[in-house]
Amino acid sequence: MEALKPRYRGGRPRTFTEEQRAAIIELAQIPPNTLGLPFTHWSLSKLKEEAERRGIVTSISIETIRVILEEADITYQHTKTWKASNDPEFEVKKTNPVALPESA
C-alpha cells in the first residue's frame, strides 16, 4: 500500500523561511488591540500589513498569509465594518429604547 502514496519531489522551494513563517503565526495569535492597534481581530490584509511593517517579511501576498495560517490550523475572521455613533447618549438610548410616538 505504501507504493500507492504519492512521493512529492522537486518543485519550487518555499519563499519564506521557517523563522518567518513562525513569526507570522506568532503575530496572528496576538490580539491586535494588545499591540495598540484599533481593532480586535486580524483580517488577512491587516496581518499582511503588520508583518510587513514589523519587518518579518519585505512583501507577502494575502494568499500566502492564508496558506501559512491554514498549515498551522489557525482560523481567521472575515471582518465587518461597523460605524459607531458619536451621540454621547448612544449607550443609554440603546439599552433603554424610548417608545416611538404613535402616528395619527
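These questions and answers cover how the helices pack in a predicted model.

Trainee: What does the secondary structure of the protein chain come to?
Mentor: Start with the order along the sequence. The pattern reads α-α-α-α. The count comes to 4 helices and 0 strands.

Trainee: What percentage of the residues in the protein chain is buried?
Mentor: A residue counts as buried under 20% relative accessible area. The protein chain has 104 residues, and the buried ones make up 19%.

Trainee: Which residues of helix 1 are buried?
Mentor: Helix 1 spans residues 18–28. Its buried residues pack against helix 2 and helix 3. They are Arg21, Ile24, Leu27 and Ala28.

Trainee: Why do the buried residues of helix 1 line one face?
Mentor: Take the general rule. An α-helix has 3.6 residues a turn, so residues three or four places apart point the same way. In helix 1 the buried residues are Arg21, Ile24, Leu27 and Ala28. They line one face because, seen down the axis, they fall within an arc of 125 degrees.

Trainee: Which residues are exposed on the other side of helix 1?
Mentor: Exposed means over 50% relative accessible area. On the side of helix 1 away from the buried face, two residues are named as exposed: Glu19 and Glu26.

Trainee: Is helix 1 oblique or roughly perpendicular to helix 2?
Mentor: The axes of helix 1 and helix 2 come within 11 Å and cross at roughly 125 degrees. Angles of 65 to 115 degrees count as roughly perpendicular, and 125 lies outside that range, so helix 1 is oblique to helix 2.

Trainee: Is the crossing of helix 1 and helix 2 left-handed or right-handed?
Mentor: First, who touches whom. Ile24, Leu27 and Ala28 in helix 1 meet Leu47, Glu50 and Ala51 in helix 2. By class, this contact holds 5 nonpolar residues, no polar ones and 1 charged. The crossing is right-handed.

Trainee: How does helix 1 lie to helix 3, oblique or roughly perpendicular?
Mentor: The axes of helix 1 and helix 3 come within 10 Å and cross at roughly 80 degrees. The range for roughly perpendicular is 65 to 115 degrees, so helix 1 is roughly perpendicular to helix 3.

Trainee: How do the residues of the contact of helix 1 with helix 3 divide?
Mentor: Helix 1 brings Arg21, Ile24, Ile25 and Ala28. Helix 3 brings Ile65, Ile68, Leu69 and Glu71. The division is 6 nonpolar, no polar and 2 charged.

Trainee: At what angle do helix 2 and helix 3 pack?
Mentor: Their axes are 9 Å apart. Helix 2 counts as roughly perpendicular to helix 3. The angle is about 100 degrees.

Trainee: How many polar residues does the contact of helix 2 with helix 3 have?
Mentor: Leu44, Ser45, Leu47 and Lys48 in helix 2 meet Ile62, Ile65, Arg66 and Leu69 in helix 3. The nonpolar residues number 5 and the charged ones 2. The polar count is 1.

Trainee: What covers the buried residues of helix 2?
Mentor: Those buried residues are Leu44, Leu47, Glu50 and Ala51. They cover an arc of only 130 degrees around the axis, which puts them on the same side of helix 2. The cover includes helix 1 and helix 3.

Trainee: Which residue follows helix 2, and has a positive phi?
Mentor: Helix 2 covers residues 44–53. The phi in question is near 80 degrees, and it belongs to Gly55.

Methods. Residues numbered from 1 in each chain as written. Predicted model: local features only at pLDDT ≥ 70, side-chain atom pairs only at ≥ 80, totals over all residues. Heavy atoms only, no water. Axes fitted to C-alpha atoms, helices over the stretch in contact; angles between N-to-C directions. Parallel < 35°, antiparallel > 145°, perpendicular 65-115°, else oblique. Left-handed = near helix turned anticlockwise from the far one by under 90°. Contact = heavy atoms within 4.5 Å. Nonpolar A, V, L, I, M, F, W, Y, C, P; charged D, E, K, R; others polar. Buried < 20%, exposed > 50% of the residue type's maximum accessible area, 1.4 Å probe, protein only. Arc of directions from axis to C-beta.
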